Amino acid sequence: MGGSQDRALLDLLACPACRGRLSEEDDRLVCCSCGRRYPVREGIPVLLVEEAERPEGAT
Ligand SMILES: [Zn+2]
C-alpha cells in the first residue's frame, strides 16, 4: 500500500462546490480552487459543501 493509491482516489474526487481539484492536507482534503477544506472521517472524505470549512477571508 502506498501513496499512489490515494492519489488515484484524489484524481476521482472533485470539490462539490466548484469541481476543483482536491489535495490532501493533514486529515483534510483542501480544494485547490476555492480553498474549502473537507473533513475526512474514518478514512472517508466527507465532500459536502455544508461540512466544509470556508477559507479565511472568504465571503
Ligand atoms: Zn472548491
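What follows is a chat between two coworkers about a predicted model of one protein chain.

Colleague: Before we start, what is the mean pLDDT of the protein chain, and which element is lowest?

Modeller: This is a predicted model, and the mean pLDDT of the protein chain is 86, with 83% of its residues at 70 or more. Among the elements, H1 has the lowest mean pLDDT, at 69, whereas E3 has the highest, at 96.

Colleague: OK, and what pattern does the chain follow along the sequence?

Modeller: The pattern is α-β-β-β-β when read along the sequence, and the secondary structure amounts to one helix and four strands.

Colleague: In what order do the strands sit in the sheet?

Modeller: The four strands form an open sheet in the order E1-E2-E3-E4, and the pairing is antiparallel. Strand E1, residues 22–25, and strand E4, residues 44–45, are the edge strands, each pairing on one side only.

Colleague: How many bridges join E1 to E2, and how many join E2 to E3?

Modeller: Four bridges join E1 to E2, which run antiparallel, while three bridges join E2 to strand E3, residues 37–41, and that pair is antiparallel as well.

Colleague: Which residues stand opposite each other there?

Modeller: Between E1 and E2, Glu25 stands opposite Arg28. On the E3 side, Leu29 stands opposite Tyr38, and Val30 has Arg37 as its bridge partner.

Colleague: What about the turns, how many residues lie between the strands of each hairpin?

Modeller: The hairpin of E1 and E2 has two residues between the strands, and Asp26 there takes a positive phi near 55°. The hairpin formed by E2 and E3 has five residues between its strands, and in that turn Gly35 has a positive phi of about 85°.

Colleague: Why single out Asp26 for its phi?

Modeller: Asp26 has a positive phi of about 55° although it is not a glycine. That is worth pointing out because most residues other than glycine have a negative phi.

Colleague: And is Asp26 buried or exposed?

Modeller: Asp26, which is found in the loop between E1 and E2, counts as exposed because 8 other C-beta atoms lie within 10 Å, and the cut-off for exposed is 12 or fewer.

Colleague: Where does Glu42 lie, and what is its phi?

Modeller: Glu42 lies in the loop between E3 and E4, and its phi is near 55°, again a positive value in a residue other than glycine. Glu42 is exposed, since it has 5 other C-beta atoms within 10 Å.

Colleague: Switching to the interior, which residues make up the largest nonpolar core?

Modeller: The largest nonpolar core has seven residues in all, namely Cys15, Leu22, Leu29, Val30, Cys31, Tyr38 and Ala52. Strand E2, residues 28–31, contributes the largest share of this core, with three residues. As background, nonpolar side chains in soluble globular proteins tend to be buried together.

Colleague: How much of the chain is buried overall?

Modeller: Buried residues make up 14% of the 59 residues in the protein chain.

Colleague: Back to Val30, what is it in contact with?

Modeller: If its neighbours within four places in sequence are left aside, Val30 is in contact with Leu22, Ser23, Glu25, Gly35 and Arg37. Of these, Leu22 is also listed in the nonpolar core, and Arg37 is the bridge partner of Val30 in E3.

Colleague: Where is Leu13, and what does it contact?

Modeller: Leu13 lies in the loop between helix H1, residues 3–12, and E1. Apart from neighbours within four places in sequence, Leu13 is in contact with Leu22, Pro45 and Leu47. Leu13 and Pro45 are 32 residues apart along the chain, yet their C-alpha atoms are separated by 9.1 Å. Leu13 counts as partly exposed because it has 14 C-beta neighbours inside 10 Å.

Colleague: What share of the contacts spans that sort of separation?

Modeller: Taking contacts between residues at least 6 apart in sequence, 12% join residues at least 24 apart.

Colleague: Last one, what does Glu53 touch?

Modeller: Glu53, found in the segment after E4, touches Arg36 and Arg37, not counting residues up to four places away in sequence. Glu53 and Pro39 are 14 residues apart in sequence and 8.3 Å apart in space, C-alpha to C-alpha. With 13 C-beta neighbours inside 10 Å, Glu53 is classed as partly exposed.

Terms used. Residues are numbered from 1 along each chain as its sequence is written. This is a predicted model: local features need pLDDT of at least 70, side-chain atom pairs count only at pLDDT 80 or more; totals for chains, interfaces and linings use all residues. A nonpolar core is a set of buried Ala, Val, Leu, Ile, Met, Phe, Trp, Tyr and Cys residues joined through C-beta atoms within 7 Å. A residue is buried if 20 or more other C-beta atoms lie within 10 Å of its own, exposed if 12 or fewer, and partly exposed in between; C-beta atoms are placed from the backbone. Two residues are in contact if their C-beta atoms, placed from the backbone, lie within 7 Å. Two strands pair if DSSP finds at least two bridges between them. pLDDT is the predictor's confidence in each residue, from 0 to 100.
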